[in-house]
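Hello,

Here is the structure I promised to pass on, with the sequence alongside. Please have a look at it first, and then read on for what turned up.

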Amino acid sequence: MQDFESQARAFGEQIEAEIAEGHLSFPTSLDVSLRIKRLADSPASSLEEIAAAVKTEPVLSAKTVRMANAVALNPQATPITNVADAVRRIGLSSLRCLAFAVAAEQLAQDHRSPKMRAIASGLWMHSVDVAAWSSALARELRVVNPDTAMFAGMLADIGQFLLLARAAEYPALEDNLPRFAEFVTTWSQPVSEAVLDVFELPESILDAFECSNPYGGSWPPANLADILFVAELAAETPNPFDKLLGLDHRASLLDAATHGIDQQDLDNLLESTRENRQLILAALCG
């Protein structure tokens, strides 16, 4: 227990110092994702430059081509066989999300501890589930760009991802996973804010994460914050940190009326978007 206490304290102090200095340390896979995002954001970047950056990451290259050939994005079944055409087909917004999804998946697979790897894998599946629901809801409601909603959904747990990746430096933390979950809950918000700042996201996305009241109280969902709120509740793959803490956010769907949502209206919306969510989920996970 003493090892847990000392390593948790050291980890917290390290994270606090990095946030204060504005130099949060990223795992290598997230560095690649960030580089691709910056290229995609820059008007000066050519498609060839972006495709070349994607090609440096073989898994991302393969998944980009696969996503371009998914039914949701390629209804005419015209085969896409190269990265440049695939990037053109899926668009830069989807590419940003896919690049992060691949980076997060690699973090899950690379963790040396089997216990932590299982948590990381569950967190990745939860994140892509939230991203798929976010995109499908945005497509149905037409209040937010679906690709923007997908990217925001994928970033919803970014602080937890980073803390989990960095926990490999503090092996004693896996000795008490519920306590580690409490640690992650304590630090995830400030770490998320620091990461989102590095990603240089537009205010429209940052506002959705900073909203003190996550649901606006009217129906249907009217903005990105509302969509993320519903997507988090609708996600069928639980957040593993919630499970460790004994929380069940999905069960709160039964009490959704307290947020100004009629249960039948919610059920109808989720049912009408479920098929599209499945297609997007398959594209992200392929």
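A word on exposure before anything else: a residue counts as buried under 20% relative accessible area, as exposed over 50%, and as partly exposed in between, using a 1.4 Å probe and protein chains only. By that scale Ala168 is partly exposed, with a relative accessible area of 28%.

You should know that this is a predicted model, in which local features need pLDDT of at least 70 and side-chain atom pairs count only at pLDDT 80 or more, while totals for chains, interfaces and linings use all residues. Residues are numbered from 1 along each chain as its sequence is written, and side-chain values use heavy atoms, with hydrogens and water left out.

The overall picture

The protein has 13 helices and zero strands. Here helices (H or I, at least four residues) and strands (E, at least two) are DSSP runs, numbered from the N terminus. Of the 286 residues, 51% count as buried.

The cavity

Rolling a probe the size of a water molecule over the atoms shows where empty space is left. For this search, a cavity is a set of points on a 1 Å grid over the protein atoms alone where a 1.4 Å probe fits but cannot get out, and lining residues have an atom within 4 Å of a point. Grid points are joined across faces, edges and corners, and a volume is the space filled by probe spheres set on the points.

How many cavities of 30 Å³ or more does a search of the whole structure find? There is one, and its volume is about 40 Å³. Its lining consists of Ser29, Val32, Ser33, Ile36, Glu57, Leu60, Ala99, Val102, Ala103 and Gln106. Helix H2 (28-41) and helix H5 (83-110) are the elements that give two or more residues to this lining. By type, the lining residues divide into six nonpolar, three polar and one charged; Ala, Val, Leu, Ile, Met, Phe, Trp, Tyr, Cys and Pro count as nonpolar, Asp, Glu, Lys and Arg as charged, and the others, Gly among them, as polar.

Pairs separated in sequence

Helix H5 also holds Ala104, which is buried, with a relative accessible area of 0%. Ala104 and Ala165 are 61 residues apart in sequence, and their C-alpha atoms are 9.3 Å apart in space.

Ala168 sits in the loop between helix H8 (158-166) and helix H9 (177-198). Its C-alpha is 7.3 Å from that of Arg112, with the two positions 56 residues apart along the chain.

Pro114 belongs to helix H6 (residues 114-141) and is exposed, with a relative accessible area of 56%. From Pro114 to Glu174 the C-alpha to C-alpha distance is 9.7 Å, and the two are 60 residues apart in sequence.

An unusual backbone angle

Most residues other than glycine have a negative phi, and most peptide bonds are trans. Arg142, however, has a phi near 60°, a positive value. This arginine is found in the loop between H6 and helix H7 (146-155), and at 75% relative accessibility Arg142 counts as exposed.

Helices H10 and H11

How do helix H10 (residues 203-210) and helix H11 (residues 224-234) pack? Their axes are 8 Å apart, at an angle of about 50°; axes are lines fitted to C-alpha atoms, for helices over the stretch in contact, and angles run from 0 to 180 degrees between N-to-C directions. H10 and H11 are therefore oblique to each other, given that angles under 35 degrees count as roughly parallel, over 145 as roughly antiparallel, 65 to 115 as roughly perpendicular and the rest as oblique.

Best wishes

Technical notes:
1 Å grid on protein atoms, 1.4 Å probe; cavity = no way out; pocket = protein on both sides within 12 Å on 5 of 7 lines; lining within 4 Å.
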